[in-house]
Amino acid sequence: MAAVVFENCFILFLICIFSLLCYSFIFKKPKNSRRGRDLPPSPPSLPIVGHLHLLLSTLTHKSLQKISSKYGSLLHLRFLNVPIILVSSASMAYEIFKAHDLNISDRGVSANGESLVFGSSGFLFAPYGDYLKFMKKLAVTKLLRPQALEQAQGVRAVELERFYANLLEKAKKKESVEIGMEVMKLTSNMIFRMSMGRRYSEESGYAERVMELTTKSFNLTKKIFFANMLRTTLGKLGISLFRKEIMGVSCEYDQLLERILVEHEETLAEDDQDKDMMDFLLEVCGDEKAEYKITRDHIKSLFVEVFLGGTDPSTRATEWTMAEILNNHKILEKMRQEIDTVVGKARLIQESDLPNLPYLQAVVKEGLRMYPPIPLVLREFQESCEIKGYYVPEKTGLVVNVYGVMRDPDSWEDPDEFKPERFLDYASRSGQEEQMREQGMKYLPFGAGRRGCLGSNLASILQGTAIGTMVQCFDWRVKGDKINMEETLGGLILTMATPLECTPVPRLGPF
Ligand code: HEM
């Protein structure tokens, strides 16, 4: 229902701006930025809307992959009057990230005003400057770098046990579970407790509330993306697309986070060991001499974005990988053999086991290769430049189709087959450093360069332990012969069209 309303709204919107564009096309000469030099090749386009129909398809990443395999891995597209460079191969990605990383370190999507969800006080869409660098440093130092991750290991272990106990409960009652829902609870609880909730018990209900709001925000991402992309054009007509819905979620987040902030202020932890990321951010907020002066809205936006960036992609990737495991009995058995040998049958897997479980790690990597939760990475060329002899004008958008790169038959043997072994071979291969770097660009689930994902280490832990627990402790009953692997883009995140639902049957334990 919501999708239909959105679609209708979008068609109406297209009609509205059609007249505006006709006006500008007739009365204003379009800028010709070629300056006598060739832009990258462009596939045939429709009048006025250009290649917008590709963006509107339900499987945008696949439409873009198809067009790239026909016309080439470096293309020049136009969505209405927005020019875009589309990249779909490892060698093109390498060329761009090697020589132009700073030039493409802005996302090119304007922030969503005063909203806490992708808004101007956040850093996901912030330009690459002092504010972004400062907030990234805080998030990495206090939450995501290896030392910080190690400090919070105990918190994650408690949540993993709770995840296991919950599945066991369902297994005893012979109830089926939606894997995505269970994993979403696990990742939300882990990230919530690591970042601001060490002192809160489950009864506070805060983690659950954060999870609800994160899901609501994700359902809005496609709308937010369109609203942002078209803000300048529509702003001139006094139209603010989807504003009410977006601000509604933002207000709910605001109220919840304000309450948590006040509770942190009232019981400020004295010992550094007991401080969580929110305690540190509050200190920085009150510090007149801080490198960068941050406000309460900056703190709230940072948390919203850490939840958005951290929970849903990790959950979707885990769900996809579990579906492949359950569709491939040999892989499931091989994983169990490895886990039973390394962990034994008397205790639950824990994150310190992960380095000793190379096959499990390879399965996680293969899941991310075939189903990258963020299939399209968005950036913008700040300045004009040259790529493979083609001219790229300043302020041209960049879309790296990482889904296309990781399914490119020129880089991957049998790209559409789930073969974890390829990552065991891959790790043992050696070569020239430069060659290896270029090779690295064929595996891009976390993006690349200075705007690449900050949470890849945490993501590996979340996925490794969640999948490890489900494989080690349970057999899984699935309806039908095979799991339906059809894809959909839920709010720009690669999602299973039919959520994975199955019934756990205890295999080991209880621990
Ligand atoms: C399987 C899980 C995950 C995947 C596949 C993933 C993927 C990505 C991708 C593709 C980007 C954009 C990169 C680019 O533009 O080059 C990104 C950015 C980001 N991710 Fe992740 N991510 C995951 C988990 C996490 C986690 C657990 C966190 C933290 C809790 C996190 C935090 C971030 C942040 C903060 C950014 C923005 C960085 C910036 O704008 O500078 N991600 N992620």
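**View 1. The residues around the ligand, sorted by class.** In this predicted model, the shell around the ligand is made up of 17 nonpolar, six polar and two charged residues. Altogether, 25 residues surround the ligand. If you would like a place to start looking, try G309, G310, G447, C453 and G455, which are the closest. Two elements give two or more residues to this shell: α13, spanning 296-327, and α19, spanning 456-473. Which of the elements gives the most? That is α13, with seven residues. Keep α19 in mind, as this helix returns in the next two views.

**View 2. Helix α15 meets helix α19.** Here, α15 (residues 358-370) approaches α19 so that their axes come within 10 Å and cross at roughly 115 degrees. This crossing angle makes α15 roughly perpendicular to α19, and α15 passes α19 in a right-handed crossing. To find the contact, look on the α15 side for L360, Q361 and V364. Their counterparts in α19 are S460, Q463, G464, I467 and G468. Sorted by class, this contact holds three nonpolar and five polar residues, with no charged ones.

**View 3. Helix α14 also packs on α19.** A further neighbour of α19 is α14 (residues 329-343), packed at an angle of about 95 degrees with the two axes 9 Å apart. The two helices, α14 and α19, are therefore roughly perpendicular to each other. From α14 come L332, M335, R336, I339 and V343, while α19 offers G468, V471 and Q472. How do the residues of this contact divide by class? Five are nonpolar, two are polar and one is charged. You may recognise G468 from the previous view: this residue of α19 is also among those met by α15.

**View 4. Helices α7 and α8 side by side.** Let us now turn to another helix pair. Helix α7 (residues 153-172) and helix α8 (residues 179-195) have their axes 9 Å apart and pack at an angle of about 160 degrees. Such an angle makes α7 roughly antiparallel to α8. The crossing of α7 past α8 is right-handed. On the α7 side, the contact uses V155, R156, E159, F163, N166 and L167. These meet E182, L186, N189, M190, R193 and M194 in α8. By class, the contact of α7 with α8 has six nonpolar, two polar and four charged residues.

**View 5. A three-stranded sheet with α7 lying across it.** Three strands form an open sheet here, in the order β3-β11-β8, and the pairing is antiparallel. Why do β3 and β8 each have one side without a neighbour in the sheet? Both stand at the edges and have a single partner strand, so one side of each is left open. Strand β3 (residues 177-178) pairs with β11 (residues 501-506) over two bridges, and E178 has E501 as its bridge partner in β11. Strand β8 (residues 474-478) pairs with β11 over five bridges. Among the bridge partners in this pairing are D475 with V505 and F474 with P506. Helix α7, familiar from the previous view, lies across β3, β8 and β11, and runs at about 90 degrees to β11. As you follow the backbone, it may help to recall that strands of a sheet pair through backbone hydrogen bonds, either parallel or antiparallel.

**View 6. A four-stranded sheet with α3 lying across it.** This open sheet has its four strands in the order β1-β2-β7-β4, with mixed pairing. Which strands stand at the edges? They are β1 (74-79) and β4 (376-381), each of which pairs on one side only. On average, neighbouring strands of this sheet are turned by 30 degrees against each other, with direction ignored. Strands β1 and β2 (residues 82-87) pair in the antiparallel sense over six bridges. For a landmark in this pairing, find F79, whose bridge partner in β2 is V82. Helix α3 (residues 60-71) lies across β1, β2, β4 and β7. Relative to β7 (396-401), α3 runs at about 95 degrees.

Technical notes: Residues are numbered from 1 along each chain as its sequence is written. This is a predicted model: local features need pLDDT of at least 70, side-chain atom pairs count only at pLDDT 80 or more; totals for chains, interfaces and linings use all residues. A residue is near a molecule or strand if its C-beta atom, placed from the backbone, lies within 6 Å of it. Ala, Val, Leu, Ile, Met, Phe, Trp, Tyr, Cys and Pro count as nonpolar, Asp, Glu, Lys and Arg as charged, and the others, Gly among them, as polar. Two strands pair if DSSP finds at least two bridges between them. Axes are lines fitted to C-alpha atoms, for helices over the stretch in contact, and angles run from 0 to 180 degrees between N-to-C directions. Angles under 35 degrees count as roughly parallel, over 145 as roughly antiparallel, 65 to 115 as roughly perpendicular and the rest as oblique. A crossing is left-handed if the near helix is turned anticlockwise from the far one by less than a right angle, and right-handed if clockwise. Two residues are in contact if their C-beta atoms, placed from the backbone, lie within 7 Å.
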